[in-house]
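Here is a short briefing on the aromatic side chains in this protein. Take a look at the sequence and structure, then read on for the contacts worth finding in your viewer.

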Amino acid sequence: MSDFDQILQNYVRQILKIQQERAEAPLQTEELKRIAENLGLSENDWQHIQGTFDASLARGKSFVQYKSWHNAIKELQLAVKINPAHADALYHLAVAYWQRNRKKGKKTDMKQAEVYARRCVQADYAHDAALRLISRLEKQKTPKTSKQSIVLIALVLLTTLGVSGYIIWDMSRNKLPMNKLPVHATPPRPKPKNTEPVIVKTPDNRNVIDLPVVLHNGNDNATGLALDLESSLYRRGDYEMLYQLRGSIKSEVFEVSQLTLRLKLVDRNGEVKFEKDFEVLNADKDVPIRPNDYIPFAKIFRQQTFPPHFKDALLSVVKISKTSPEGKYEPAKLVPLQWEQSPPVGINIEVRQREETMIPNSDKFSHDFILEVKNTGTLTIKSLKVDVRWFNDKDKLAHNEEMTLVAPGNAMLKPQQTRLKKGEFMVGLKKANYKDFDLIILEIK
């Protein structure tokens, strides 16, 4: 095993361990990079890992195109291990398993196809192709009556009708009353006792319900907050409930540094059957927001139980730290933007630097900043990735790293909304030689 193979193996093992511990949310690019740094991997190691991912994904998609399902699964499994939240890799892996199931009839392949399709939707709630595949897989699991079964049922019915006809004819020949049978005939069966009817459920009994959500203002905790709901989907399985909630909280009046919400799911009788707290803003890790800022959130709630019929969802604020603004804010510094390709019609953004901290360290310096990302276009943005570039005092590129401003699995950035993004980088350049930085938009959709 080469040195890089060992590095990759350790990296993948750590990712799988962390992902299993936090099954609710997929790991994002920044977290993956932090894992690599904690393992002591260099920037070159990280770039090599990303190159391995890109190559495996490209080969896997090519094998899917040429219907080589076994090879596609092999390549895409590696890609998904390196990046467990990459929707495109998850979807193509689901397709490869599904197609191999159709060709060879392996039930385990169909189960794997559903697993990866659902993980794709978890990473990207708006992935239409994965949602269609899940629907198709659920229909495929519904048992169909075979031709042999139909013929057998028809023979049983014909035999029953023939026997009944013979008994009627025989009774009429002997002039016996219709309600009496000859001694040699089979006596009538005793009437069954009153028992509960047996209900047979089909495998495809998963209901997907769009639950209405209300932000309740108990104890005035939610005063000055507004809910911008994106999706609220409740899925009922046989013995499992799954609820997906995604949206943003807008601060209209206060500065907010900490926010925890409580979710309550209410059944048709008005009783709370599920309750869970979740943190939206952490005072130690996240960036405090100002009036007109939006805090995105995306949560998945699961429970292994017989799922009730819910009619609505209730959100309330259980913990909040808020203060009134002291005065007007100084306009944040505009960050120069470059487009790798011409922007799509209706899509545009504005990025400003709200805060900045730089600490020199020999031939490097740490650069932490808070960016205001505003959607100034007319279309909603569900994914935004940029390349951050640092320049020296001679206007030459000295360092660059990718940064995700809008993650595919999180709430989308709607027109005129502003959200914050924190960046923490170690720049390979002496602080004394640093001039400025800009952003290149690599992906926006």
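**Aromatic contacts at a glance**

Arg 290 lies over the face of Tyr 329, 4.1 Å from the ring centre. Please keep in mind that this is a predicted model. Ring-to-ring contacts come to 10 aromatic pairs, and two of them are described below.

**The pair Phe 274 and Phe 301**
- Phe 274 and Phe 301 meet edge-to-face, with 6.1 Å from centre to centre and 70° between the planes.
- Phe 274 belongs to strand 6 (residues 272-281) and Phe 301 to strand 7 (residues 293-303), so this pair ties together parts that are 27 residues apart in sequence.
- Phe 274 has a relative accessible area of 8%, which makes this residue buried, as the limit for that is under 20%.
- Phe 301 is buried too, at 2% relative accessibility.

**The pair Phe 278 and Phe 297**
- Phe 278 and Phe 297 form a tilted pair, their centres 6.0 Å apart and their planes at 50°.
- Here again the partners come from two strands: Phe 278 lies in strand 6 and Phe 297 in strand 7, so parts that are 19 residues apart in sequence are tied together.
- Both Phe 278 and Phe 297 are buried.

**The cluster**
- Which residues form one aromatic cluster? They are Tyr 243, Phe 274, Phe 278, Phe 297 and Phe 301.
- That cluster therefore takes in both partners of the edge-to-face pair, Phe 274 and Phe 301, along with Phe 278 and Phe 297 from the tilted pair.

Key
Residues are numbered from 1 along each chain as its sequence is written. This is a predicted model: local features need pLDDT of at least 70, side-chain atom pairs count only at pLDDT 80 or more; totals for chains, interfaces and linings use all residues. Side-chain values use heavy atoms; hydrogens and water are left out. Rings of Phe, Tyr and Trp (its six-membered ring) pair if their centres lie within 6.5 Å; planes under 30 degrees apart count as stacked, over 60 as edge-to-face and the rest as tilted. Helices (H or I, at least four residues) and strands (E, at least two) are DSSP runs, numbered from the N terminus. Buried means under 20% relative accessible area, exposed over 50%, partly exposed in between (1.4 Å probe, protein chains only). A charge sits over a ring if NZ of Lys or CZ of Arg is within 6 Å of the ring centre and within 35 degrees of the ring normal.
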